[in-house]
Each structure stands twice: as structure tokens, then as C-alpha cells.
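Visitor: I would like a close look at one part of this model, with its surroundings explained step by step. Please keep to what can be computed from the atoms.

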Number of protein chains: 2
Amino acid sequence: MRKENSSNAINERQLRGDCGTAYTLQLIGGRWKPSILWRLLDGKLRYNELKKSISGISERVLVLQLRELENDNLVKRIVYPEVPPRVEYELTPLGWSMESMLQHISDWGVMHRKETMARQSGKKKTAVAMADKG
Amino acid sequence: MRKENSSNAINERQLRGDCGTAYTLQLIGGRWKPSILWRLLDGKLRYNELKKSISGISERVLVLQLRELENDNLVKRIVYPEVPPRVEYELTPLGWSMESMLQHISDWGVMHRKETMARQSGKKKTAVAMADKG
DNA sequence: CAGCATCCTTCCTGATACTG
DNA sequence: CAGTATCAGGAAGGATGCTG
């Protein structure tokens, strides 16, 4: 039940068409998506296992994000017609194709953090003054 | 003026510590960040050039995102003490280090979109039924 | 067990008007 | 030109209770 005319939605559409980056970020950019995906890179998981392994996530959000991932064909939802119910989540081939990308992103994040820490403890730049030296 | 005790803030902290992915996404995950970064990969830009090249962004948001990028040491802000004022934005070395990652992300996005389109026009899977065939 | 429905809070984003 | 201040709307996220 979104307002398709809100400027918010319009911008979203534009960006989606823009470059692939924005598009990708829409898919993995939810707050919990990365966590979910990392868990699933270790293998198939049941709903409850997933929930317990991601501390702090609410059921509502977990399900919502899983549904989105499913819609985007990154995750496969497997329902076993048993009692008690059992549902497993697994990466699709497309989901697996993200592995190296996620690794890349993670590595960069770790690197950036290290750099930033070194920076903050060491020095403070005055970028303003540098204009003259160009 | 955030509530540092809200469960929202707590979750944010956890995720930041979690894996590098969440960390990176915090840096480039703003809705407009990718657009800004792509523009700057083509070279230094003035505030107004940036604003005009990203259609739909408001001044407020542009400045906010630029400040964040600056804080995260991805973008350098260069003020020329002139009249009329001139300010240029440029990637830092750390900002440039994102180039291959952004390319990776973008490529994947384009690929995913292609896959998804092919999928939707061709077939519909019944993932539910597949449980039996495992 | 897995998940939906409901209600509520917080945060993000955008429009508009104004300033050095 | 390059912003800042203020205000409002909507979307994302969260808590809780209930169901097959």
C-alpha cells in the first residue's frame, strides 16, 4: 500500500534505473539483510535457527526481509509439509553469486575501519587550508 | 539528539561490530551516496555541479550526505576563500579505494536485474513443491 | 514451529524560506 | 554560490499477541 506518487517513490525508481550500485543496495541494503545473507553463506537454516542467530531482530522484520530476499530470487524458501512445521531457507544460485561481492564489501569495510582508527588517533587535517596549495 | 538506549541504536551498534559488510553499507548505503560517489569517480566537482547532476536531490540531503562522506574520510571538501564562494568535492585516497568495489557491486546489480527479468517473463517456480524432491 | 496482524516509535527524507 | 534552519510526511523498524 505504498503511495506510488510520493516523491520518495519517484526518487527510488530513478535511482534504481540509475546505476547498478543503487540497485544492488536496494537488495542487500536493509539493516538486517547482510546478517541474514552471511548466515546463509554457511548453509541452509531453519527459520528459528536464523532468528536465534541474529540477536535483536524481531520476527516481523525477519520475515519481511526474508520475503524480500525471496522475491529478489536470492533466497529459496523450502516448506516441509510436516507437523510440526519446518521451513528452511537457502541461498539460490543467484544468492551464491553474491559471495565474492559480499566478501569484497566486508574486506573493504574492515580495511576502512582500520584506516579511520589510525587517522583519528594520529592527526587532524585542516582541509580548508589545502585549497591554497593546489 | 538520538536516544542511545533505544533498541534501534543498540541494534545499530551490534551490526556495526558484526561484519565488515554492515559497516560498509553504513557508509555507502544512504539513498544518494552511490550517486554522489559515482559522480566523483569522474573527478572533482563543485557543489552546484553535483546538485544539478543528481536530479531530485534536495540541498539539505545533499549536504548531509556529503558531510557524512567527509566524516568517513571518503570525500574531501575544498573551500576556496573567494567571492563568490567556491567549494569543490573530491574523493580521498580512501574514497578511490572503493572504485573496484563499487564496480563489483554495480556489475552484480546489472547482472541480477537481467536474470530477474528473464525469470519473470519465462516461468514461475513453485518452491513449495520442491521440498519433496530433495 | 513458523509466521501474520496490529499498533507504535524512530528515523530519514524533502520542501521551503532564509543567510554569509 | 553554498549553504543553514525549520517543519512536515512517510517509510522502516520494533513490541506484542494470536493462529494453523
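In which helix of chain B is the place of Thr116(B)?

Guide: Thr116(B) sits in helix H7, residues 99-122 of chain B, where helices (H or I, at least four residues) and strands (E, at least two) are DSSP runs numbered from the N terminus. Residues are numbered from 1 along each chain as its sequence is written, while chains are lettered from A and ligands numbered from 1 in the order in which they are written. This is a predicted model, in which local features need pLDDT of at least 70, side-chain atom pairs count only at pLDDT 80 or more, and totals for chains, interfaces and linings use all residues, and side-chain values use heavy atoms, with hydrogens and water left out.

Thr116(B) counts as buried because its relative accessibility is 10%; buried means under 20% relative accessible area, exposed means over 50%, and partly exposed lies in between, with a 1.4 Å probe and protein chains only. Its side chain reaches the backbone oxygen of His112(B) at 2.9 Å. That approach comes under the heading of a polar contact, defined as a pair of N or O atoms within 3.5 Å, of which, within protein, one must be able to donate a hydrogen and the other to accept it, residues adjacent in sequence counting only if both atoms are side-chain atoms.

A second threonine of chain B, Thr24(B), lies in helix H2, residues 20-28, and is buried because its relative accessible area is 0%. Leaving aside residues up to four places away in sequence, Thr24(B) touches Ile105(A), Trp108(A) and Gly109(A) as well as Met101(B), contact here meaning heavy atoms within 4.5 Å. Helix H2 of chain B, residues 20-28, is DSSP-assigned, and Ile28(B), counted with the same exclusion, touches Leu25(A), Lys33(B), Pro34(B), Leu37(B), Met98(B), Met101(B), Leu102(B) and Ile105(B).

Ile28(B) is also one of the residues with the most contacts inside the largest nonpolar core, which has 58 residues; Ile28(A), Leu40(A) and Met98(B) are among the others. Such a core is a set of buried Ala, Val, Leu, Ile, Met, Phe, Trp, Tyr and Cys residues joined through side-chain atoms within 4.5 Å. In soluble globular proteins, nonpolar side chains tend to be buried together.

The two chains can now be taken together. Their contact takes 57 residues from chain A and 57 residues from chain B, and between them they bury about 4,700 Å², 62% of it on carbon and sulfur atoms, buried area being the accessible area (1.4 Å probe) that two parts lose on being put together, summed over both. Across this interface the rule finds zero salt bridges, a salt bridge being a side-chain nitrogen of Lys or Arg within 4 Å of a carboxyl oxygen of Asp or Glu, whereas 13 residue pairs are in polar contact between chain A and chain B, both residues being at pLDDT 80 or more. On the side of chain A that touches chain B, helices H1 (7-18), H2 (20-28), H3 (33-41) and H7 (99-122) and strand E2 (75-80) each supply at least two residues. H7(A) gives the most to that side, with 15 residues. By class, the side of chain A that touches chain B has 27 nonpolar, 18 polar and twelve charged residues, where Ala, Val, Leu, Ile, Met, Phe, Trp, Tyr, Cys and Pro count as nonpolar, Asp, Glu, Lys and Arg as charged, and the others, Gly among them, as polar.

Of the helices just named, H3(A) is largely enclosed by the rest of the structure, because eight of its nine residues are buried; Lys33(A), Trp38(A) and Leu41(A) are among them. Just after H3(A), Gly43(A) takes a positive phi of about 130°.

Salt bridges do occur elsewhere, 13 over all chains. Lys76(B) pairs with Glu90(B), the closest N and O atoms being 3.9 Å apart. This pair links distant parts of the chain, 14 residues apart, with Lys76(B) in strand E2 (residues 75-80) and Glu90(B) in strand E3 (residues 86-91) of chain B. In chain A, Lys44(A), Glu82(A), Arg86(A) and Glu88(A) are joined into one network by salt bridges that share partners. Within this network, Arg86(A) forms a salt bridge with Glu82(A) at 3.5 Å and another with Glu88(A) at 3.1 Å. Arg86(A) is partly exposed at 23% relative accessible area, whereas Glu88(A), at 11%, is buried.
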